[in-house]
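Work through the three exercises below. Try each task before reading its solution.

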Amino acid sequence: MTDDAPDAQRRRLLIATTSAVGGLGLVAGSVPFVCALRPSRSAEVAAAPVEVDLKALREGEQLTVQWRGQPVCVLHRSAADQARLLADEAGLADPDSRESSQPPYVDPRLRSRRPDIFVVTAICTHLGCIPSLAPGAADRDGGYLCPCHGSHFDLAGRVFRDQPAPLNLAVPPYHFRGDTLLVIGSDEEGAT
Ligand code: FES
């Protein structure tokens with residue numbers, strides 16, 4: 001045994017202690033970081049599907065709910081509204097919704113799963129203002145009118161030609177549970 005043996009032992013002990021403390025610091029430091037990556041409770045609530053009871057929504061009426069911080073309109077279209085949408089497509093920019101955002105299971109012309117219930121995100125595809133239901137707007141048979149630059153959409157959210165908005169209004173994912181409950185934000189596959 002040499003004279004420097006105690007020094008070597010102290011050095012090994014010091015290295016081991018420093019490594020252990022450093023490791024603890026890394027674990028302690030990473031816990032808040034991992035927590036920060038998880039969505040907050042309020043963010044989870046905001047992203048959750050929204051249920052809408054359709055029992056009180058009469059023909060011609062519309063209600064608006066918030067989903068993911070965006071207004072989503074639910075309109076009860078009459079049989080006459082549906083017939084007019086299919087018969088009067090000459091002035092539309094994208095009548096079959098080839099360029100527009102919608103789930104694959106909605107009819108491309110009526111843009112809905114059920115012909116009577118229309119669900120649409122009320123965010124203008126021009127610069128993001130909120131169009132509102134405007135029966136008789138611009139001498140066409142009603143529709144949605146954007147207050148910012150006047151883009152006009154029909155009762156299926158399809159934009160007319162030569163408007164500032166380039167695309168139809170987007171349709172969010174949704175499904176029905178029974179005849180009277182609408183669930184916005186998820187479809188049968190659970191897509192959100
Ligand atoms: S934001 Fe709607 S027309 Fe410009």
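The exercises cover one loop residue, one hairpin and one sheet.

The model is predicted: local features need pLDDT of at least 70, side-chain atom pairs count only at pLDDT 80 or more, and totals for chains, interfaces and linings use all residues. Residues are numbered from 1 along each chain as its sequence is written, and side-chain values use heavy atoms, with hydrogens and water left out.

**Exercise 1.** Place Gln102 and find its partners.

Step 1. Gln102 sits in the loop between helix H3 (79-87) and strand S4 (117-121). Helices (H or I, at least four residues) and strands (E, at least two) are DSSP runs, numbered from the N terminus.

Step 2. Set aside neighbours within four places in sequence: Gln102 is in contact (heavy atoms within 4.5 Å) with Ser97, Pro108, Arg111 and Val171.

Step 3. With Arg111, a side chain to side chain polar contact forms at 2.9 Å. Such a contact is a pair of N or O atoms within 3.5 Å; within protein, one must be able to donate a hydrogen and the other to accept it, and residues adjacent in sequence count only if both atoms are side-chain atoms.

**Exercise 2.** Describe the hairpin of S2 and S3.

Step 1. S2 (residues 62-67) and S3 (residues 70-76) pair in the antiparallel sense over 6 bridges. Pairing requires at least two DSSP bridges between two strands.

Step 2. Thr64 has Cys73 of S3 as its bridge partner.

Step 3. The hairpin has 2 residues between the strands, and Arg68 takes a positive phi near 55 degrees.

**Exercise 3.** Which strands stand at the edges of the sheet S5-S6-S7?

Step 1. This open sheet of 3 strands has antiparallel pairing.

Step 2. S5 (132-133) and S7 (152-153) are the edges; each has a single partner strand, so one side of each lacks a neighbour in the sheet.

Step 3. S6 (residues 144-145) and S7 pair over 2 bridges, with Tyr144 opposite Phe153.
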